[in-house]
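Biologist: Could you take me closely through the side-chain contacts of this model, with attention to how covered the partners are and where they sit along the chain? I would like one connected account rather than a list.

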Amino acid sequence: MGLYFEKQWPELLPCIRTLTTLQTDHVVPQLYTHVHRRACSSLSTPRITTHYTIHPRDKDPRWQDIEMERFADEADVVIVGGGPAGLSAAIRLKQLANQHQKELRVCLVEKASQLGAHTLSGACLEPSALTELFPDWKERGAPLNTPVTDDVFSIFTEKHRIPVPILPGLPMRNHGNYIVRLGNLVRWLGEQAEELGVELYPGYAASEVLFHEDRSVKGIATNDVGIAKDGSPKDVFERGMELHAKVTLFGEGCHGHLAKQLYKQFNLRENCEPQTYAIGLKELWVIDEKKWRPGRAEHSVGWPLDRHTYGGSFLYHLNEGEPMVALGFVVGLDYSNPYLSPFKEFQRWKHHPFVESTLEGGQRIAYGARALNEGGFQSIPKLTFPGGLLIGCSPGFMNVPKIKGTHTAMKSGILAAEALFPKVTAENLDSETAGLHVPEYSDNLKTSSVWKELRSVRNIRPSFHNPLGLYGGMVYTGIFYWILRGKEPWTLKHCGIDANQLKPAKDCTPIEYPKPDGKISFDLLSSVALSGTNHEGDQPPHLTLKDDSVPVARNLAIYDGPEQRFCPAGVYEYVPVETGDGMRLQINAQNCVHCKTCDIKDPSQNINWVVPEGGGGPAYNGM
Amino acid sequence: MSGRVLVGVKRVIDYAVKIRVKPDHTGVVTDGVKHSMNPFCEIAVEEAVKLKEKKLIKEVVAVSCGPQQSQETIRTALAMGADRGIHVEVSGKDYDSLGPLQVSKILAALAKKEEAQLIILGKQAIDDDCNQTGQMTAALLDWPQGTFASEVSLEAEKIKVVREIDGGLETIKINTPAVLTADLRLNTPRYATLPNIMKAKKKKIANVKPADLGVDLTSRLEVLRVDEPPQREAGVKVETVEDLVAKLKDTGKI
């Protein structure tokens, strides 16, 4: 074998000699695939992606003798995602079951190790949906401890601020709302759910949708464990488990990976606009008591973003004992400059005199990031399909100008539960498909407060796309929302998917970001450490690439590698290759905070985020 | 050798989480923080379950001392293969001051009550790094101990333990009953998979109070203050060796 390679690929020879002296099991298959790739591609791209969703195991010789049978269990309803929507649906189902004295097995799977660990939001909560779920939430001890007392809205310039009065009727008015740490509310909802008899399984990610013979949804399968980084089975390999249900609710949050498959499978997006997104980065700070104004909600637009880049900030003063503030920055992912770094925009925004004065002398205690929906009304897909339905931020019910999506997510969960309960407990299940179809959910949603609310603000975000950018958008909001309550007969369109909005790097100017000072602003890696994120190291990277050669050939060549800038966790790095010239993409999968921005913004749409082993990811505490 | 193995499992703050000192400096923030089973305890559970699978022992009992949430840790041990659990309820101030001495007294009392033939613990917990509980338990019971075990084999009525020590590896043979503490290389713990978590819900966890075991939880130690480690200061560069010596003398280092 050696002589053959000597002739064909002489540079491989030292490589082969070293490998043949190694004693490990995984080496031979690795050499096989390495050589196979070299024969196939003209560029020498080192192998990055080893995940079985890209390299199927039924064709992989290392998996020949592995038992792939899965243990299966039956429930009445399976819910994917333990966020506000999923938990509201679970709670409502059990409330109805108890009320009507029916048996109902509700199982909820959540990829985070504990409920709330992957939850990140501002958040200013409208308590409407919570009150519907638990009219006595206060007596039950729901962690809504900070009523909003003060709304401050500013347009920032580099050194100054222009105050904007928040008149009654404007979407950013927060009278009656509560500043909450959403992770804590989610944890509390989980406790209520457990008390009602919901089976909660945190630490187990739904990694696959299962289908009946008639192509209706049968349920989900949880992730396999014990696959090595190179894609081969380890000694501790075990298959995930199948959970079958009459109906499966998908509440994965913004840009869920199973939802992505379902859109294709059932053509759910054929009559709606593509979803558009923003990335939200957030920190928690314990500040100097003298600067603390509990109940104050501050928002800003303008600096450091230019008028054509959608985004803004929030800063909320919590009232839970410690002088703590939750602050963050949102950047619309339809930005066009590949040199833009949302993380660095956030860090430099903190140096604005109005913000820095609050943070001076304080200590940062948490960091995180998550993508959020901006598409609103126009981007709501078809919500039901045989065997399942979509709830919460997954299909996307966020009221963008209010930057609130929790109350609508919870409401969608409640409506889903109420629609499917009679069907799933019916004596004679009269269904055309093996998996139940519940179009009533969608019908009820369309006549609910959620629909009315989203419809009235539908044109605010798209109105931003005008020559005056931000200012045009504000004028539009003032006239058509504040005065006319969104009753205008037209519906503005979005501009297409966010991934297509980037301009080539050569047409854009690099942005000079100031260096972090270590007191107010910080570097990326110390921020990522604060998110508490971690994954089992020896597993295939869950940021999978459809084609390993595209990052260098396209993303780097045309767009100067925007993923190294838009990832808020430093997962993507272009590093020089070990020998010779050129760069390669290094994926630091362990850093991932599950924000989904890369899957959304990759200009080549080559990155497919799949779920890693359950329990991995951030360890947010009350974010 | 047949019989019962007691495995101690401790619920600790997850190793990847950034620790924050409480504003009153009495301890670290634990509320809402991600916790998991101490990694060395996972290894201990794995070893016990392996022994049961080899039919060398009959029953694995997982024990944890702590508040309500410790039950989750016991459930994980049950999902890995332990047969039943014992939750020794310790909460509030008692839990804050709970340390190796009290835990070893509890384990010793339980070992007698359960007629255990073997106790397997992790070598130390990653929150306090004490590395004392195994040794103290053995002393209280007057049992032999095989600590820092990287290999365990049961032979007739004795246990052969390969221990990781500073100089290398030491092999000892000890009588049973005995206490073993697990070191990193003893095994690779299995995952607690979902079907096993579901089955574990049916396994029994008994609730016990330390007073029922006749254990006094009073601590001999008082925590005066908890602080973050000092911030790393910038270094000072010097040009010559003379400067270096002068600086070292100035700061009283030599």
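Modeller: A residue is called buried here when its relative accessible area is under 20%, exposed when that area is over 50%, and partly exposed in between. The model is predicted, and the account below should be read in that light.

By that cut-off Y178(A) is buried, because its relative accessible area is 15%, and W137(A) is buried as well, with a value of 8%. The rings of W137(A) and Y178(A) have centres 5.5 Å apart and planes at 85°, so they make an edge-to-face pair. W137(A) belongs to the loop between α5 (128–133) and β5 (146–147) of chain A, while Y178(A) belongs to strand β8 (residues 178–179) of chain A, so this pair ties together parts that are 41 residues apart in sequence. A second edge-to-face pair is formed by F343(A) and Y367(A), with 5.8 Å from centre to centre and 85° between the planes. Here F343(A) comes from helix α8 of chain A and Y367(A) from strand β20 (residues 363–373) of chain A, so parts that are 24 residues apart in sequence are tied together. F343(A) is buried at a relative accessible area of 6%, and Y367(A), at 0%, is buried too. Over all chains, a search of the whole structure finds 14 aromatic pairs, and F211(A), F250(A), F266(A) and F385(A) form one aromatic cluster.

Helix α8(A), which supplies F343(A), is mostly covered, with seven of its eight residues buried; among them are charged residues, including E345(A) and R348(A), as well as W349(A).

The charged contacts come next. Side chains of opposite charge can pair when their charged atoms come close. Over all chains the structure holds 45 salt bridges. In one of them E283(A) meets K350(A), with the closest N and O atoms 2.6 Å apart. E283(A) is in strand β16 (residues 277–286) of chain A, and K350(A) is in the loop between α8 (342–349) and α9 (353–359) of chain A, so the bridge ties together parts that are 67 residues apart in sequence. E283(A) counts as buried because its relative accessibility is 0%, and K350(A) is likewise buried, with a relative accessible area of 0%.

Another salt bridge joins the side chains of E242(A) and R70(A), at 3.1 Å from N to O. This pair links distant parts of the chain, with E242(A) in strand β14 (residues 242–244) of chain A and R70(A) in the loop between α3 (27–40) and β1 (72–74) of chain A, 172 residues apart. Both E242(A) and R70(A) are buried.

In chain B, E114(B) forms a salt bridge with R4(B), the closest N and O atoms being 3.9 Å apart. E114(B) lies in helix α4 (residues 100–114) of chain B and R4(B) in strand β1 (residues 4–8) of chain B, 110 residues apart. E114(B) is buried, with a relative accessible area of 11%, whereas R4(B), at 26%, is partly exposed. These two residues also belong to a network of salt bridges that links R4(B), E59(B), R84(B) and E114(B).

On the surface, finally, E191(A), E194(A), E195(A) and E72(B) gather in a patch of negative charge. Helix α6 (residues 182–196) of chain A gives the most to this patch, with three residues. E194(A) is found in that helix, α6 of chain A, and is partly exposed, because its relative accessible area is 49%.

Key. Residues are numbered from 1 along each chain as its sequence is written. Chains are lettered from A and ligands numbered from 1 in the order in which they are written. This is a predicted model: local features need pLDDT of at least 70, side-chain atom pairs count only at pLDDT 80 or more; totals for chains, interfaces and linings use all residues. Side-chain values use heavy atoms; hydrogens and water are left out. Patches are made of residues with over 30% relative accessible area and no salt bridge: like charges are joined within 9 Å, nonpolar side chains (Val, Leu, Ile, Met, Phe, Trp, Tyr) within 5 Å. Accessible areas come from the Shrake-Rupley method with a 1.4 Å probe; for residues, only the protein chains shown count as cover. A salt bridge is a side-chain nitrogen of Lys or Arg within 4 Å of a carboxyl oxygen of Asp or Glu. Lys and Arg count as positive and Asp and Glu as negative; His and the chain ends are not counted. The place of a charge is taken as NZ of Lys, CZ of Arg, CG of Asp or CD of Glu. Helices (H or I, at least four residues) and strands (E, at least two) are DSSP runs, numbered from the N terminus. Buried means under 20% relative accessible area, exposed over 50%, partly exposed in between (1.4 Å probe, protein chains only). Rings of Phe, Tyr and Trp (its six-membered ring) pair if their centres lie within 6.5 Å; planes under 30 degrees apart count as stacked, over 60 as edge-to-face and the rest as tilted.
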